[in-house]
Amino acid sequence: MPDFLNDILTAVYNYFADMSSAELMAMLIIAGSAFLFIILERIFPYTNNQKVLREGFFDDLALYTIAQSYILGILIFTYIIGYIDSSAGLSRLKLFAEVPVWLQLIIFTITHDLYIYWMHRWQHKNKIMWRIHEAHHSPKKVDWLSGSRSHAVEILINQTIEFLPIVLLGSPPEVIAYKGVISAVWGMYIHSNLNIKTGMLQQIINGPEMHRWHHSTGKGRNRNFATKLAIWDWIFNTAYFPAAKPDEYGLKTYFPNNYFMQTLFAFRPFKKSANSSENVTDSNVVLEDSVKH
């Protein structure tokens, strides 16, 4: 066996060997869920004849889901959260050490989801924040994997805020792993190409019925900001849930078609209007039907 191949296999083995049982279980659940969604999308498609290996599949899987997630995980936990925790020293108090894991997952899921709702809404209203969010709206085909396409800066912010409280409150390590599972699997679900009818439950729990409208090029793109709990959209009057189905997804303007250009594209100069002031509706921040605060 070539040395380089042996080195790769050794690195992969060591990576899995260093995982805790909770981390390993979390990875197996996420991988199993991905295969399940692929199968279910073939049986109960929301949009018929949508290919598994659609445009951008490789970038979304290999670069966004695996490579970017791995690198950002090190950056977020080892450096950012590690630095904040060592400076604050709160985790040593272990304030949540005796709180049942299931209760912590409920608390952290609800509080983080409320944060994500307002953060997401801000990203659609602010031209600078939109720049780090537009990659997420760029897939022209929405499926279980397309939700993984998110700019590194957006992930850096949201996952730091997601996991920092868990660490500072001294929660057991498995809470991080299981919270990661909830976010990953739910993210696959709401973007999945599944024709699901949940009825009244859709007013509480979010799913592809509503969220796929958010990725459309029509009115729904500036509605349905919730991720896990659709109730936020209903409470704050941003829900959009017509009987029809969206027929077009993605952005209305140019967007690069590979990971590296997509990452750099967020830092392009803003366009200037005739009077040399920055155009508030630059690029894709054309919010004709924006929600009024």
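The buried residues of α2 pack against α7, which runs from 173 to 191. Keep in mind that this is a predicted model. Which residues of α2 are buried? They are Ala22, Ala26, Ser33, Ala34, Phe37 and Glu41. Recall the geometry here: an α-helix has 3.6 residues a turn, so residues three or four places apart point the same way.

Now the length of α2. It has 23 residues, and at 1.5 Å a residue they should span 33 Å. The end C-alpha atoms of α2 are 33 Å apart, so the model agrees.

Over to α7. The buried residues in α7 are Val175, Ala177, Lys179, Val181, Gly187, Met188, Tyr189, Ile190 and His191. Note that a lysine and a histidine are on that list. What do the buried residues of α7 pack against? They pack against α2, α4 (101-125), α6 (152-168) and α8 (208-214). The length check works for α7 too: 19 residues should span 27 Å, and the end C-alpha atoms are 28 Å apart, which agrees.

Next, the surface. There is a nonpolar patch of about 870 Å². Its residues are Tyr15, Phe16, Leu24, Leu28, Tyr70, Ile71, Ile74, Leu75 and Tyr79. Three elements give two or more residues each: α1 (3-17), α2 (21-43) and α3 (57-88). The biggest share comes from α3, with five residues. So α2 turns up twice in this talk: its buried residues pack against α7, and α2 also gives residues to the patch.

Take one patch member, Phe16. Phe16 lies in helix α1. Its relative accessibility is 36%, so Phe16 counts as partly exposed.

Now the charges. How many salt bridges does a search of the whole structure find? Five.

Start with Arg54. Arg54 bridges to Asp60, with the closest N and O atoms 2.7 Å apart. Arg54 also meets Asp143 in a salt bridge, at 2.9 Å, N to O. That second pair links distant parts of the chain. Asp143 sits in the loop between α5 (127-131) and α6, Arg54 in the loop between α2 and α3, and they are 89 residues apart.

Are these side chains buried or exposed? Arg54 and Asp60 are both buried. For Arg54 the relative accessibility is 6%, and under 20% counts as buried. Asp143 is buried as well, at 2%.

Another bridge joins Arg268 to Glu134, again as an N and O pair, 2.7 Å apart. This pair also spans a long stretch of chain: Arg268 is in the segment after α10 (259-265), Glu134 is in the loop between α5 and α6, and 134 residues separate them. Arg268 counts as buried, at 15% relative accessibility. Glu134 is buried too, at 1%. Back to the wider picture: salt bridges that share partners join Arg54, Asp60, Asp143 and Arg149 into one network.

Last stop, Phe265. Phe265 is in helix α10. Its relative accessible area is 16%, so Phe265 is buried. What does Phe265 touch, leaving aside neighbours within four places in sequence? Glu134, Tyr254, Phe255 and Pro256. That is the Glu134 of the bridge to Arg268. Phe265 and Arg131 are 134 residues apart in sequence, yet 8.2 Å apart in space, C-alpha to C-alpha.

Technical notes:
Residues are numbered from 1 along each chain as its sequence is written. This is a predicted model: local features need pLDDT of at least 70, side-chain atom pairs count only at pLDDT 80 or more; totals for chains, interfaces and linings use all residues. Side-chain values use heavy atoms; hydrogens and water are left out. Patches are made of residues with over 30% relative accessible area and no salt bridge: like charges are joined within 9 Å, nonpolar side chains (Val, Leu, Ile, Met, Phe, Trp, Tyr) within 5 Å. Accessible areas come from the Shrake-Rupley method with a 1.4 Å probe; for residues, only the protein chains shown count as cover. A salt bridge is a side-chain nitrogen of Lys or Arg within 4 Å of a carboxyl oxygen of Asp or Glu. Helices (H or I, at least four residues) and strands (E, at least two) are DSSP runs, numbered from the N terminus. Buried means under 20% relative accessible area, exposed over 50%, partly exposed in between (1.4 Å probe, protein chains only). The expected span of a helix is 1.5 Å times one less than its number of residues. Contact means heavy atoms within 4.5 Å.
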